[in-house]
Amino acid sequence: MIDRVAPITDLENGAYMRTISINPSSQQISAGNAASQISYEIEAVDNQNGALLQSYDLQVRFVDRTPANGTNNVAYRNFRSIPASAFTRNAASGLPRHTMVVRLSEVLQTLGLQVNQVAATDQIEIDATIRLTNGRAFNARNTGVNITGGVYYNSPFFYRITLIP
């Protein structure tokens with residue numbers, strides 16, 4: 001005997017933040033220039049066309065790969081919470097989009113570092129969590145590989161920026 005299959009409306013659904021584009025696509029920024037920045041165009045997806053989005057919360061950490069200027073690793077710290085109100089509905093997809101800009105100066109300030117404490121090959125890692133109005137939250141730790149690593153979904157909930165000269 002086959003058990004009754006739940007209708008699609010009875011299944012729980014999650015949410016993800018799809019990465020539409022990255023500029024520069026190499027995810028590299030200059031270590032010696034505090035004004036260096038990278039931008040991510042992101043799109044909120046849930047089963048109500050993004051209407052459940054409450055915020056996209058970011059934590060940042062610094063991974064020191066150049067011991068010549070000291071060992072300056074810094075553990076994750078709260079970086080930014082992007083509220084749903086910062087997103088605008090995209091005409092083509094009908095989903096909320098936002099251009100998330102990450103400036104080296106803001107990262108350094110959050111982490112308590114100076115420009116002379118970072119160098120080429122060091123890395124900035126951003127861990128993200130999408131929070132919904134129904135109290136649920138999703139990130140890399142509770143999302144499957146089809147979402148985090150899939151070409152279409154492209155929602156890693158994690159961004160790694162490498163510093164270059």
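Which side chains meet in a salt bridge at 2.7 Å, N to O? They are those of Arg-97 and Glu-43. I shall return to this pair after a word on the model, and then move on to the sheets, the core and the aromatic residues.

Colleagues, please keep in mind that this is a predicted model. The chain has an average pLDDT of 90, and 90% of the residues score at least 70. Residues 1-11 have a pLDDT below 50, and beyond near neighbours in sequence this stretch has two contacts in the model. I shall say nothing further about that segment.

Let me take the salt bridges. The count comes to nine salt bridges. In the one I opened with, the side chains of Arg-97 and Glu-43 meet at 2.7 Å, N to O. This pair links distant parts of the chain, with Arg-97 in strand β7 and Glu-43 in strand β3, 54 residues apart. Arg-97 is buried, and Glu-43 is buried as well.

Glu-43 has a further partner: its side chain meets that of Arg-18 in a salt bridge, at 3.7 Å from N to O. Arg-18 lies in strand β1 and Glu-43 in strand β3, so this pair ties together parts that are 25 residues apart in sequence. Again, both Arg-18 and Glu-43 are buried.

Another salt bridge has a different setting. Glu-106 pairs with Arg-103, and their closest N and O atoms are 4.0 Å apart. Are these two residues buried or exposed? Glu-106 counts as partly exposed because its relative accessibility is 29%. Arg-103 also counts as partly exposed, because its value is 33%. Returning to Glu-43, salt bridges that share partners join Arg-18, Glu-41, Glu-43 and Arg-97 into one network.

The strands that hold Arg-18, Glu-43 and Arg-97 bring me to the first sheet. An open sheet of four strands has the order β1-β3-β7-β6, and its pairing is antiparallel. The edge strands are β1 and β6, the latter spanning residues 88-89, and each pairs on one side only. Between β1 and β3, which run antiparallel, there are eight bridges. Within that pairing, Tyr-16 stands opposite Val-45 in β3.

I turn now to strand β4. How many of the residues of β4 are buried? Eight of its eleven are, and the strand is thus described as mostly covered. On one hand, β4 is joined to β8 by ten bridges, the two strands running antiparallel. There, Leu-58 has Ala-128 in β8 as its bridge partner. On the other hand, β4 pairs with β5 in the antiparallel sense over seven bridges, and Ser-55 stands opposite Pro-83 in β5.

Strand β8, in turn, leads to β10. These two strands pair in the antiparallel sense over five bridges, and the bridge partner of Ile-124 is Ile-161 in β10. Strand β10 also has a parallel neighbour, β2, covering residues 28-30, to which three bridges join it. In that pairing Ile-29 stands opposite Leu-163.

The two faces of β10 deserve a moment. In a regular strand the side chains alternate between the two faces of the sheet. In β10, Tyr-159, Ile-161 and Leu-163 make up the covered face, while Phe-158, Arg-160, Thr-162 and Ile-164 make up the uncovered one.

Next, the nonpolar core. Which residues touch the most other members of the largest nonpolar core? Among its 40 residues, they are Tyr-56, Ile-124 and Ile-130. Several elements each supply at least two residues of this core, including β1, β3, β4, the helix α1 (104-111), β8 and β10. The contacts of Tyr-56 with residues over four places away in sequence include Met-17, Ile-42, Phe-87, Met-100, Ile-130 and Tyr-159. Polar residues also appear on that list, among them Arg-80, Ser-81 and Thr-129.

I close with Tyr-159, which we have met on the covered face of β10. The structure holds one aromatic pair. It is formed by Tyr-40 and Tyr-159, tilted, with 4.6 Å from centre to centre and 55° between the planes. Tyr-40 lies in strand β3 and Tyr-159 in strand β10, 119 residues apart, and the pair therefore links distant parts of the chain. Both Tyr-40 and Tyr-159 are buried.

How values were computed:
Residues numbered from 1 in each chain as written. Predicted model: local features only at pLDDT ≥ 70, side-chain atom pairs only at ≥ 80, totals over all residues. Heavy atoms only, no water. pLDDT = per-residue confidence, 0-100. Contact = heavy atoms within 4.5 Å. Buried < 20%, exposed > 50% of the residue type's maximum accessible area, 1.4 Å probe, protein only. Pairing = 2+ DSSP bridges. Phe/Tyr/Trp six-rings, centres within 6.5 Å; stacked < 30°, edge-to-face > 60°. Core = buried A, V, L, I, M, F, W, Y, C linked by side-chain atoms within 4.5 Å.
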